Structure formats: structure tokens, C-alpha cells
Amino acid sequence: MIDWVYQALFAPFIDFGFMRRALVGCIALSISATPVGVFLMLRRMSLTGDAIAHAILPGAALGYMVAGLSLGAMTLGGLIAGWVVALLSGGLARITVLKEDANLAVFYLLSLALGVLLVSTQSRNIDLLHLLFGSVLALDNEALILLAGIATITLILLAVFLRPLILECLDPDFLRRHSKVGTTTHLVFLALVVLNLVAGFQALGTLMAVGIMILPATAARFWARQLDQLLLVALGLALLGCWLGLLMSWHLDLPTGPAIILVLGSLHIFSLFAGRDGLLKRWLHPNKHLKS
Amino acid sequence: MTNNPAQALIQFNNLTLGYEMHPAVHHLHGQILTGDLLAVVGPNGGGKSTLLKGLMEEIRPLGGTISWPLGRSQLAYLPQRARLDLDFPLRVADFVSLGHWPRRGAFAAIKSTDKQAVEQALKAVGLTGFGKRSLDSLSGGQLQRVLFARLLLEDAPLILLDEPFAAVDEATTVDLLALIKQWQAEGRTVIAVLHDLHQVRTHFPKCLLLARDVLGMGVTETVLTAENLAKARKMQVLADPLAPICDLDEVEVQG
């Protein structure tokens with residue numbers, strides 16, 4: 001029995017270096033992307049991550065066309081494309097009648113169309129599948145250092161900008177009365193979203209990078225009622241999802257990125273029913289209340 | 001009102017405030033002294049909130065000036081309806097500690113003495129032990145007390161309150177009025193937009209009656225006369241789109 005548990009849950013990581021690397025990469029990504037996702041959700045920007053993830057595609061494709069399957073070139077290309085779209089959306093919202101979400105819709109669609117066009121001109125499409133669906137089982141040292149570096153930058157910037165980040169969402173008028181740091185905060189936050197999506201596409205691919213950002217945050221909302229608890233629970237769920245996802249992918253011979261995202265999605269659905277603020281509690285105790 | 005300019009905190013010089021050329025406050029003269037407890041009353045659309053926005057420099061005067069003989073004062077402001085995202089998962093104590101912003105800013109750490117100050121502020125507004133509750137669990141009156149606790153921590157010499165008692169019960173109003181009087185006793189200047197004239201007569205020594213034009217400013221009993229209030233009721237509420245350019249600029253209209 002103990003041996004079976006060991007074989008099922010731990011052996012793949014102990015016996016195989018590439019599984020260990022994948023786990024380390026996913027841990028770095030969870031530590032980094034999950035808190036960003038919590039703030040995306042609290043700022044009602046959950047879909048912004050999705051849109052920017054699509055926008056990254058042409059940059060990464062261009063990087064690929066110029067330099068082949070090079071980590072540096074694709075990362076840089078993705079960063080630039082994501083940044084341009086995020087800045088155009090945020091900037092134009094401040095000087096024209098269109099709001100940020102509308103601008104974002106426009107530019108991510110353009111960017112995505114351009115990306116698909118670029119990808120289709122390439123005959124060797126197999127390599128580009130890595131771009132779309134990631135290659136978490138093929139993370140080399142370079143990629144791990146990149147993931148860890150992005151996690152470090154993200155945590156430091158989130159810690160520094162925590163107060164204005166909370167206030168911009170909770171009480172924007174108060175922030176505006178007391179400080180001019182609001183716009184900077186918003187731009188730094190958008191930069192972090194782009195950075196983490198680019199980190200995520202190394203491992204999970206452009207389309208699923210956003211999953212590891214948003215799903216742990218939304219699931220954690222059913223358990224936690226305070227920001228600090230929310231951040232910790234989301235991180236715990238993300239780590240659990242990565243671990244189980246990697247195992248599922250190993251044992252059932254499934255693609256890793258989708259496996260991780262599906263596990264995270266299952267955790268969300270479980271939380272939706274079983275969480276402290278979930279549906280089951282409401283169904284089981286519909287009309288109960290405490291003594292006055 | 002003593003006319004000692006050395007004591008004046010704020011001086012209104014023929015001030016006109018408004019939006020897109022339509023005046024909301026029309027030719028205001030007068031001054032507010034350090035330590036004044038001033039109620040601003042008048043009909044809806046009479047320019048009360050606009051005056052506060054002018055003081056906060058959120059809008060620029062269409063004419064005239066606001067001058068600060070003692071230098072522009074640091075001010076704390078309680079909006080009429082705070083645009084708060086109350087679903088944000090945050091504790092009451094963390095929210096109140098935002099009142100430390102004028103000293104700690106966006107980045108500096110909150111010290112343990114700051115946390116004690118938060119506890120004291122919560123105690124002062126009658127919410128001892130509420131620090132660990134989450135924001136979304138508060139009633140309307142409790143939320144207003146929490147906002148007052150944050151104002152308390154801001155420790156500003158000039159405090160602007162826009163209809164602070166609009167949606168709170170009597171017990172809360174009594175407690176918060178006591179707090180306002182304590183602010184005045186500490187030498188702070190308080191300007192409050194109010195609707196309850198009985199409350200103004202009982203608690204506010206000075207009053208500004210504003211119905212776009214200034215109908216009176218000074219000691220409350222001399223301002224809130226039957227005649228002035230009747231005039232205020234007759235104010236044309238809607239801005240006249242065809243109104244000609246105002247030529248009052250050379251004329252004194254002091255109330």
C-alpha cells in the first residue's frame with residue numbers, strides 16, 4: 001500500500017530529472033503568477049489576462065522566426081507584444097472615449113490575427129505547437145532561471161506596490177486625493193501580468209498560461225475572506241494543481257499543460273461546491289441562522 | 001464674524017465655481033477662520049458639494065479666487081457617497097490604517113504605534129473590537145463610523161464633510177457629532193454640508209446658506225432666518241441653458 005502511494009505520488013519526481021525540473025518550474029510559476037491572478041480577479045480584470053495572453057502570440061512567433069526555438073528571442077518578442085497591447089489599451093483609455101476593456105478587445109484581436117498569420121507562414125508547425133501548448137517537461141536550466149527570476153521580480157514589485165494596488169481597487173478617490181502613484185501602479189501591474197504570462201507560456205503555452213494565474217485565485221475566493229488568506233490559499237491550490245497535474249500527465253501519458261489546467265479547473269469546481277462560501281453550504285443550511 | 005484677516009484660514013474673493021460655464025457657486029465673498037465649525041446648507045444643486053470640490057482644487061474657479069492667508073492647509077475629506085468596493089476582502093483595521101497615508105505614503109511601513117493608533121481611532125468611533133471584521137460585514141452606520149475613524153487618523157487641520165449623516169441613525173449621528181465637536185476643541189476647522197436645520201442650529205455656531213448665490217454667511221441664527229430660507233426655496237434648480245454672460249463681476253454681493 002505504502003509502496004503504491006509512493007509509486008503514484010512521488011516516484012516520478014525522484015526517479016526522473018526532467019520531472020523534477022518540471023515541478024520546480026511549476027512551483028516558481030505558482031509563486032509568481034498566482035498573486036498576480038488574485039489581484040486581476042479583485043480588480044475585475046480576470047479576462048484581461050486572457051486577452052493579453054492572446055496578444056503575446058505574434059511577438060513570440062516573430063522571435064521564433066528570427067532566431068528559431070530560442071528562449072531569449074521568444075521571451076523578448078512576447079514581452080514586447082504584450083507590453084505594446086497593454087500600454088495601448090491602458091493609455092488610449094485615458095485620452096479617448098473608449099474604455100480599457102474595449103481597447104484591449106481591439107488590440108488583442110489584431111495581435112492574435114497577426115500571430116496566427118505569422119504561424120501559418122511557417123512550414124515546420126510542429127515546433128510552434130510548443131509555443132501554443134508549452135513544453136513543461138522540457139525545461140532547461142536557462143528556462144528555470146528565467147522562471148525563478150520573474151518570480152523574484154514579481155514578488156518584490158507586488159510587495160512594494162501592495163498598498164496603492166489595494167487602494168486603487170478599494171477606494172480610488174482616496175488614492176487620487178492623496179497621491180499620484182495610481183497610474184504608475186496600474187502600469188506596473190500590467191507589466192507584471194505580461195511578464196508572468198510570458199513566463200507561463202514557456203511551461204504551459206500562451207493559451208494556458210492564464211489558467212495558472214486565474215483558476216487558483218477564483219477557487220481560493222470560495223475559501224478565504226481576507227486578502228492575506230486569499231493569497232496563501234490560492235498559492236496552495238496552485239501548487240497542489242501543478243503536482244497532481246504533472247502526475248496525471250505522467251501516469252496517463254497526457255500533454256502536461258492541459259493536464260495541469262484541468263486539475264486546477266477541477267479544484268475550482270470542487271471549491272465552488274465545498275468551499276466555505278460555496279454552494280453546498282447554502283443548499284444544506286438554507287434557512288439557518290445564529291441566535292441573536 | 002470677526003474680520004481679522006490674520007486669523008482667516010480660507011478667504012473667498014468673489015469666487016464663482018461651476019461646470020462648463022454654468023455657475024454652481026456664484027460670487028462668494030467671505031472667510032473661514034481657523035477653528036471654525038461651519039455648516040453649509042441649501043437646496044440640492046445649490047453648490048454645496050461644488051464648494052468643497054473647489055476647496056480641494058478638484059475644479060478650477062470660473063472666476064475669483066480661493067486664497068489661503070496662512071498657506072494651503074492639509075485637508076481631510078469625507079465624500080457624500082464614497083465609491084468603495086466593499087466586496088474587497090480586507091479587514092476593518094487595515095482599512096482604517098489607510099488614514100496614516102499622509103505620513104506613511106504609499107510605501108513606508110506601518111509601525112506598531114500606528115496599529116495602536118488604529119485601535120484608538122476605532123475606540124473613539126465606538127467600534128472597539130471591530131478591527132478583525134471584514135469590510136463587507138458592516139452596516140451603513142458602522143461603515144460611516146469606520147470612515148470617521150480613518151478621517152481621525154488623517155489628523156488634518158481642516159476637515160471637509162459632505163452630508164456625513166445622510167444615511168445613518170440617530171445614535172450614530174450623536175456619536176459622530178460629538179467627534180466633530182472634539183475636533184473643533186482641538187483647534188481644527190470643520191466644514192460640513194448638512195440638511196437638518198435643527199441640527200445646524202443646535203451644533204454649528206456658523207453657517208453658510210448657499211443657493212447658487214450666497215444668501216448668508218456668518219453666525220447661524222443670523223443666517224438661517226425665515227426670510228433667507230424662503231429665498232433659498234425659490235432657487236431655480238436647473239441651470240438655464242440660454243443664460244446670458246454674467247455681468248456681476250464688478251458688484252459686491254456679500255451676504
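Chain A comes out of the prediction with a mean pLDDT of 89, and 95% of its residues reach 70 or more (pLDDT being the predictor's confidence in each residue, from 0 to 100). This is a predicted model, so to speak only of what it supports, local features need pLDDT of at least 70 and side-chain atom pairs count only at pLDDT 80 or more, while totals for chains, interfaces and linings use all residues. Residues are numbered from 1 along each chain as its sequence is written, and chains are lettered from A and ligands numbered from 1 in the order in which they are written.

Within chain A, confidence bottoms out in helix α7 (residues 125–133) at a mean of 64 and peaks in α13(A) at 95. Helices here (H or I, at least four residues) and strands (E, at least two) are DSSP runs, numbered from the N terminus. Chain B averages a pLDDT of 87, with 91% of the residues scoring at least 70. Two stretches of chain B stay under 50: residues 1–6, for which the model has three contacts beyond four places in sequence, and residues 251–255, for which it has 11 such contacts. A contact means that the C-beta atoms of two residues, placed from the backbone, lie within 7 Å. For the complex, the predictor gives an ipTM of 0.83 and a pTM of 0.86.

Turning to where the chains meet, 21 residues of chain A and 16 residues of chain B make the contact. On the chain A side, α9 (162–170), α10 (172–178) and α13 (227–252) each supply at least two residues, and α9(A) gives the most, with six residues. By class, that side of chain A has 13 nonpolar, three polar and five charged residues. For these classes, Ala, Val, Leu, Ile, Met, Phe, Trp, Tyr, Cys and Pro count as nonpolar, Asp, Glu, Lys and Arg as charged, and the others, Gly among them, as polar.

Elsewhere in chain A, helix α11 (residues 181–203) has 23 residues, which at 1.5 Å a residue should span 33 Å, and its end C-alpha atoms are indeed 33 Å apart. The expected span is 1.5 Å times one less than the number of residues. After α11(A) comes A:Gly205, whose phi is positive, near 95°.

Chain B splits into domain 1 (1–73 + 157–255) and domain 2 (84–156), with bounds from an automatic or database domain assignment. The centres of the two domains of chain B, taken over C-alpha atoms, are 28 Å apart, and each domain puts 10 residues into the contact. On the domain 1 side, β6 (158–162) and α6 of chain B each supply at least two residues, the largest share, four residues, coming from α6(B). That side of domain 1 has seven nonpolar, one polar and two charged residues.

Helix α6 (residues 170–185) of chain B also pairs with helix α5 (residues 140–154) of chain B: their axes come within 10 Å and cross at roughly 10°. The two helices, α5(B) and α6(B), are therefore roughly parallel (angles under 35 degrees; over 145 is roughly antiparallel, 65 to 115 roughly perpendicular and the rest oblique). Axes are lines fitted to C-alpha atoms, for helices over the stretch in contact, with angles from 0 to 180 degrees between N-to-C directions. B:Phe148 of α5(B) and B:Leu176 of α6(B) are among the residues making this contact.
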